[in-house]
Number of protein chains: 2
Amino acid sequence: MESGKAATIHDVAKRAGVSLSTVSRVLNDYDSINPQTRERVEAAIKELNYEKSKTESPKSVKEKKTVGLILPDILNPFFPLLIKGIEQVSKIHGYHLILCDSENDVPLEQRHIDNLYDRGVDGVILIPSSETTHVENLIESSLPFVFLDRFIDMDDASYVISDNEEGAYQAVKYLLKLGHHSIVNLTGPPELSTERARIAGYKRALDESDVECQEELFVCGNYSLEEAYRAIDELLQKGVRFSAIFATNDMMAFGAKQALEEHNKHIPNDVSLVGYDDILFSSIISLTTVSQPAYEMGRNAMLLLLDLISERISTPQRVVLRPSMVIRGSCQRR
Amino acid sequence: MESGKAATIHDVAKRAGVSLSTVSRVLNDYDSINPQTRERVEAAIKELNYEKSKTESPKSVKEKKTVGLILPDILNPFFPLLIKGIEQVSKIHGYHLILCDSENDVPLEQRHIDNLYDRGVDGVILIPSSETTHVENLIESSLPFVFLDRFIDMDDASYVISDNEEGAYQAVKYLLKLGHHSIVNLTGPPELSTERARIAGYKRALDESDVECQEELFVCGNYSLEEAYRAIDELLQKGVRFSAIFATNDMMAFGAKQALEEHNKHIPNDVSLVGYDDILFSSIISLTTVSQPAYEMGRNAMLLLLDLISERISTPQRVVLRPSMVIRGSCQRR
C-alpha cells in the first residue's frame, strides 16, 4: 500500500471494479458468485493487503456489557427522559443499552424478557406494562433486574420510583387552594402502582379539605392522548360540571386541552388544568404540572442495576424520589 | 400437586419458607447458600414437582428472530412514529425489535452496530446520526441493513425515505402564496441527506417565484428544540426582519414558537410558522406542517429488510414516499 493506511472494503471494490456487496459476498463465502468475479476480488484483496476487520476477532458476546430496558409505550415522551438518565450512567460504566417497546402488551413484554435473556444481557430495567407482567423467568434465571417508575408488588424486587402519592396530593392541594372543588381526576390504568398512588394522593387532598369525592369526576384516559380526549369530550357532552382537571400524565393533559378547546372552553379562564410528568412539550403550552425527577430516576435505576450485577448488594433496594410542582399558566383562581 | 397446575417459583418459596431470590440462588447453584436452606428448597422442589421453565430448554439465540433499529435521538417524537410502522410488520412476521439510541454520537453508533452484530441479530435498520457513520462492518459481515429516513450516499445500500425536497418545496411555496418573502429557513445539520434535500426544496421554491435567497435567513437549529430557540432568539435580538419561519422539523418549530412568544411576537399575526414531520403534539399547538408518512416509512423499511434477510432481493432497493402539507392555524396572509 502506498499510503500506509489500511485498505478498506471500498478500496477492494474499486480495485476489483465490483460493487461493495459483491466484495461482501466473496468475503462471506456465498455460493452465487461468478468464479471470475471471485478471482478478481480475491486478487484485489491480496494486492491491497486488505484485512477483514470484523470477523478476524469475533468478540465474545459476554465481553460486551449490555443491559436491556423494557418500556411500555415508545410514544409517551416521558420514557425518553428516564432513558437519558440510564444512558448517562451506562456510558460511564461502558455498558450498552438495548431498548424494547412492549406496546402495553403483556405477552410481547414476556417475549422481550426472554429474548433479552437469551441474548445474554447482564441485567434488565423493567417498566412493567401491567400488574400481570410475569417476572418469574427473570427471578428463576437470576438475571439482575430493577423496576423503574412502576413496580409490581412482590418480595425481593428492587425499584426506583417517584413519590406518586405526594405528587398528586400537591397538585390537587394547589387546585383546592385556588378555590376549585369539582376537580376531574383523569386517570391512567387504575391497577398500575403509579396510578393507585396518584388516585390516593387525589383523595387525601380532598379529604383533608373536607371536599366530597364525586364518583362521576373519575374518568380513565389510560395514559393516552386520544383516550383522554375522548373521556373529556364525553364528560362535556354529558354536561358534567367541573372547574378543573388533574390529569395524571401530560399526554392526557394534551388530550384534555384539545377536547376543552373544541368545546370552546378556555384554559385557564373556564377550566384549570394540571398535568403530571413535565415532558418537553408541556412548557410550550404553559402547562402547570408535577415534575418527576425523570433523569435522576433513570440514573438511580441504572446504578442500582450495576450494584446487583456486580453483587455489591443482594437485599432488595427501594429508592423513592420526590416530585415537585411546576407552576405555569394553565390554572387560575376560581 | 392437588390442582394439576404446574408449580411456580412462588409455590416453592412458600413451601420452603424462603424468599424468591433464595430459591433462585439454589436453582442457579450459587455457593453462598446455607446448606440447610438449600436442602429445604430442594425438598420443596421435589415435593411440588417444580420444573424450572427457562433453563430446561435453553433456546438457541438464532431461533429468536430479531432485528435492531439504531436511531439518532430518542427525545425526538418523530422517531417513535417510524418505530410504530416497524413494529407492525415485525409482529406479523414474528420478529423481535431491539432499539438503540446513538444520541447523535458516531462512535456510540458504531459500538451499537457492532454490539447488535455480536448478539446475532438478523438485520439492522439504521437512521444514521451523521454523514460520517461507518457502515463498513455491516457490509463486510453481510448483515442485511436498510437506511431509514436518512441515508448515506453509497452504492449497494437500500433505503426508505420520504421526498424531502418536495416536502420543503410545498411548505415554502405555501408561505410564498400567502405573500411572505422573508422566510427564515431554520435548518437541521446541513450535511444530513434529509436536510440537504429540504434546503434544496426551500431554494427551488424561492427561485421559481423570483424571490432572492438571503444568507442571513438561514439559521441552524440542529433539529433540537433548545438550539432552535436560541437561533430564533438571536435573530430577533439582532433585529433581522422576517415574516415567516420554515422549520425543517417540528421540534425546532416548538423552539421557534417559544422564542417568538418571549419577544411578544404572535403566531400567526406577526410571524407565520411551518414545521416538518407532524409529530403528535403539533396538532395541539395548531402547527401547519409537512406530514411525513412515518408509519408507512417504518413499515416499508421493515418489509425491505425482511426481503434482504430472506434473500428474496439482492440489488439495492430505494423507496421514496411522498409527504403532504397539513394546513392548521400557524400561518396567515401577510
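## Chain pairing and domain contacts in a predicted two-chain model

In this predicted model, 66 residues of chain B are in contact with 67 residues of chain A. The area buried between chain B and chain A is about 6300 Å², and a rotation of 180° superposes chain B on chain A. Within chain A, a domain assignment gives three parts, and the contact between domain 2 and domain 3 of chain A is described after the pairing of the chains.

**Symmetry of the two chains**

- The rotation of 180° that brings chain B onto chain A has 0.0 Å of shift along its axis and leaves an RMSD of 0.1 Å, and the two copies are thus related as by a two-fold rotation axis.
- Of the residues of chain B, the one that comes closest to this rotation axis is B:L99, whose C-alpha lies at 2.3 Å.
- Because 100% of the interface residues of chain B are also interface residues in chain A, the copies meet through the same surface.

**The interface between chain B and chain A**

- Carbon and sulfur atoms give 57% of the area of about 6300 Å² that is buried between chain B and chain A.
- Between chain B and chain A there are 6 salt bridges, including one formed by B:E103 with A:K91, in which the closest N and O atoms are 3.0 Å apart.
- Polar contacts between the two chains amount to 13 residue pairs, with both residues at pLDDT 80 or more.
- Sorted by class, the side of chain B that touches chain A has 28 nonpolar, 17 polar and 21 charged residues.

**Domains of chain A**

- Chain A is divided into domain 1 (1-60), domain 2 (66-163 + 293-322) and domain 3 (164-292).
- The C-alpha centres of domain 2 and domain 3 of chain A lie 28 Å apart, and the contact takes 18 residues from domain 2 and 20 residues from domain 3.

**The interface between domain 2 and domain 3 of chain A**

- About 1500 Å² is buried between domain 2 and domain 3 of chain A, and carbon and sulfur atoms give 52% of this area.
- Across this interface there are 2 salt bridges, and the side chains of A:R196 and A:E131 meet in a salt bridge with an N to O distance of 3.7 Å.
- The interface of domain 2 and domain 3 of chain A also has 7 residue pairs in polar contact, both residues being at pLDDT 80 or more.
- On the side of domain 2 of chain A that touches domain 3 of chain A, the elements that give two or more residues are α5 (78-92) and α12 (294-309) of chain A.
- By class, that side of domain 2 of chain A has 9 nonpolar, 4 polar and 5 charged residues.

Note on methods:
Residues numbered from 1 in each chain as written. Chains lettered and ligands numbered in written order. Predicted model: local features only at pLDDT ≥ 70, side-chain atom pairs only at ≥ 80, totals over all residues. Heavy atoms only, no water. Least-squares fit on C-alpha atoms with pLDDT ≥ 70 in both. Contact = heavy atoms within 4.5 Å. Buried area = accessible area lost by both parts, 1.4 Å probe. Salt bridge = Lys/Arg side-chain N within 4 Å of Asp/Glu carboxyl O. Polar contact = N/O pair within 3.5 Å; in protein donor to acceptor, adjacent residues only side chain to side chain. Nonpolar A, V, L, I, M, F, W, Y, C, P; charged D, E, K, R; others polar. Domains from an automatic or database assignment. Helix = DSSP H or I, 4+ residues; strand = E, 2+ residues; numbered from the N terminus.
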